[in-house]
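Thanks for coming, everyone. Please have the sequence and the structure open while I talk.

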Amino acid sequence: MLRDGFDLGLSLVTDLVFLGFALVSFVFAAMAREDAYRAADKQTKKFWLIILSINLVLNLVLGMLFLQIAGLIAAIVFMVDVRPAIKQISGGGGRRGGSSSDGPYGPYNGGR
């Protein structure tokens, strides 16, 4: 009896992790600009939205492990390959130096 409860709990946690990752990767894909995909020499935004939305629907509706794993692989490829390239093209990278008073056109000097 305890074993069945553990298996059910593990299955639920796995499903939630896969679903969460599918949702996050879809949102990131949707928020990126279309031209950034082209500039990064990646598949189109439409392609990634279709792949990631299929992944999201499969996670919500079916919950079949082998389909979830296939979708997880697609989401991982997007998150570790496509998203960083788009982020670099879009200028969305984190701060790499400079100070907190730097503006979009250089340092802010308080009007002096």
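Start with N55. Which residues does N55 contact, leaving aside its neighbours within four places in sequence? There are four names to find: A22, G71, L72 and A75. Keep in mind that this is a predicted model. N55 sits in helix α3. Is N55 buried or exposed? Its relative accessibility is 4%. The cut-off for buried is under 20%, so N55 counts as buried.

One of those contacts leads us to the next topic. A75 is in contact with N55, and A75 also belongs to the largest nonpolar core.

So who else is in that core? It has 11 residues in all. Find A29, A32 and A36. Then add Y37, W48 and L52. Finish with A75, F78, M79, V82 and I86. Three helices each supply at least two of these residues: α2 (34-39), α3 (45-61) and α4 (65-90). Which helix gives the most to this core? That is α4, with five residues. Here is a general point for the first-years. In soluble globular proteins, nonpolar side chains tend to be buried together.

Let's zoom in on A32. What does A32 touch, not counting residues up to four places away in sequence? The answer is Y37, K45 and I86. Y37 and I86 are also members of the core.

Now for charged pairs. Side chains of opposite charge can pair when their charged atoms come close. How many salt bridges does a search of the whole structure find? It finds three. Let's take them in turn.

Pair one is R33 with D35. Their side chains meet at 2.9 Å, N to O. R33 has a relative accessibility of 42%, so R33 counts as partly exposed. D35 is partly exposed too, with a relative accessible area of 34%.

Pair two is R38 with E34. Here the N to O distance is 3.5 Å. How far apart are R38 and E34 along helix α2? They are four residues apart, so about one helical turn separates them. R38 is exposed, at 52% relative accessible area. The cut-off for exposed is over 50%, which is why R38 gets that label. E34, at 31%, counts as partly exposed.

Pair three is D81 with K42. Their closest N and O atoms are 3.1 Å apart. This pair links distant parts of the chain, 39 residues apart. D81 is in helix α4, while K42 is in the loop between α2 and α3. D81 has 37% relative accessibility and counts as partly exposed. K42 is partly exposed as well, with a relative accessible area of 26%.

Last stop: the largest pocket. How much space lies in it? About 160 Å³. Ten is the number to remember for its lining, since 10 residues line this pocket. The closest to its centre are F28, A32, R83, I86 and K87. You have already met A32 and I86, because both are in the core. Helices α1 (2-31) and α4 each supply at least two lining residues. Again, which helix gives the most, this time to the lining? It is α4, with five residues. By class, the lining has six nonpolar, two polar and two charged residues.

To recap, α4 gives the most to the largest nonpolar core, and α4 also gives the most to the lining of the largest pocket. Helix α4 holds D81 of the third pair as well. Any questions?

Definitions and conventions
Residues are numbered from 1 along each chain as its sequence is written. This is a predicted model: local features need pLDDT of at least 70, side-chain atom pairs count only at pLDDT 80 or more; totals for chains, interfaces and linings use all residues. Side-chain values use heavy atoms; hydrogens and water are left out. A nonpolar core is a set of buried Ala, Val, Leu, Ile, Met, Phe, Trp, Tyr and Cys residues joined through side-chain atoms within 4.5 Å. Buried means under 20% relative accessible area, exposed over 50%, partly exposed in between (1.4 Å probe, protein chains only). Contact means heavy atoms within 4.5 Å. A salt bridge is a side-chain nitrogen of Lys or Arg within 4 Å of a carboxyl oxygen of Asp or Glu. On a 1 Å grid over the protein atoms alone, a cavity is a set of points where a 1.4 Å probe fits but cannot get out, and a pocket is an open set with protein on both sides within 12 Å along at least five of seven lines; lining residues have an atom within 4 Å of a point. Grid points are joined across faces, edges and corners, and a volume is the space filled by probe spheres set on the points. Ala, Val, Leu, Ile, Met, Phe, Trp, Tyr, Cys and Pro count as nonpolar, Asp, Glu, Lys and Arg as charged, and the others, Gly among them, as polar.
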